Amino acid sequence: MITASALNIREKPDKNSRRLDGLMYGAIVTVDEVREGSGASAWGRVSNGWISLDYTLEV
């Protein structure tokens with residue numbers, strides 16, 4: 001579940017990577033892969049890009 005008011009979906013697991021889309025607070029997503037990257041403790045690959053896992057809660 002997304003815990004930030006809005007969370008960017010990025011092209012790569014990097015905070016400076018191109019923004020592709022966004023998710024709103026409370027959205028439920030499936031994380032298919034977890035990877036280290038720049039600007040977050042971990043990144044999760046979702047269906048259309050990468051999100052920072054610093055702003056998620058596992059449900």
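## Close-up views of a predicted model

**View A. Glu33 and its arginine partners.** Glu33 is partly exposed, with a relative accessible area of 27%. The structure shown here is a predicted model. Glu33 forms a salt bridge with Arg35, and the closest N and O atoms of that pair are 3.0 Å apart. Arg35 is partly exposed as well, with a relative accessible area of 39%. A salt bridge also joins the side chains of Glu33 and Arg45, at 3.1 Å from N to O. Arg45 lies in strand 4 and Glu33 in strand 3 (residues 33-37), so this pair ties together parts that are 12 residues apart in sequence. For Arg45 the relative accessible area is 31%, which means that it counts as partly exposed.

**View B. A network of salt bridges.** Step back a little from Glu33, and Asp32 joins the picture: Asp32, Glu33, Arg35 and Arg45 are linked in a network of salt bridges. The count for the model comes to four salt bridges. As general background, side chains of opposite charge can pair when their charged atoms come close.

**View C. The salt bridge between Glu11 and Arg18.** Here the side chains of Glu11 and Arg18 meet, with 3.6 Å from N to O. How exposed are the two partners? Glu11 is partly exposed, at 38% relative accessibility, whereas Arg18 counts as exposed because its relative accessibility is 51%. While you are looking at Arg18, note that Ile9 touches it.

**View D. The hairpin of strands 4 and 5.** Strand 4 (40-46) and strand 5 (49-52) pair in the antiparallel sense, over four bridges. A hairpin of two residues joins strand 4 to strand 5. Arg45, which you met in the salt-bridge network, stands opposite Trp50 in strand 5.

**View E. Asn48 in the loop between strands 4 and 5.** Asn48 is found in the loop that connects these two strands. Is this residue buried, partly exposed or exposed? With a relative accessible area of 35%, Asn48 is partly exposed. Beyond its neighbours within four places in sequence, which residues does Asn48 contact? They are Ile9, Leu20 and Asp21. Asp21 is 27 residues away from Asn48 along the chain, yet their C-alpha atoms are separated by 8.2 Å.

**View F. Ile9 and the largest nonpolar core.** This core has six residues: Ile2, Leu7, Ile9, Leu23, Val46 and Ile51. Follow Ile9 outwards and, leaving out residues up to four places away in sequence, you will find that it touches several other residues, including its fellow core members Leu23, Val46 and Ile51. Asn48, Gly49 and Trp50 are also among the residues that Ile9 touches, as are Arg19, Leu20, Asp21 and Gly22.

**View G. A nonpolar patch on the surface.** Ile28, Leu57 and Val59 make a nonpolar surface patch of about 330 Å². Where does Leu57 sit? Leu57 is placed in the segment after strand 5. Its relative accessible area is 45%, so Leu57 counts as partly exposed.

Notes
Residues numbered from 1 in each chain as written. Predicted model: local features only at pLDDT ≥ 70, side-chain atom pairs only at ≥ 80, totals over all residues. Heavy atoms only, no water. Buried < 20%, exposed > 50% of the residue type's maximum accessible area, 1.4 Å probe, protein only. Contact = heavy atoms within 4.5 Å. Patch = residues over 30% accessible without salt bridge, like charges linked within 9 Å, V, L, I, M, F, W, Y side chains within 5 Å. Areas by Shrake-Rupley, 256 points an atom, 1.4 Å probe, with all protein chains shown as cover. Core = buried A, V, L, I, M, F, W, Y, C linked by side-chain atoms within 4.5 Å. Pairing = 2+ DSSP bridges.
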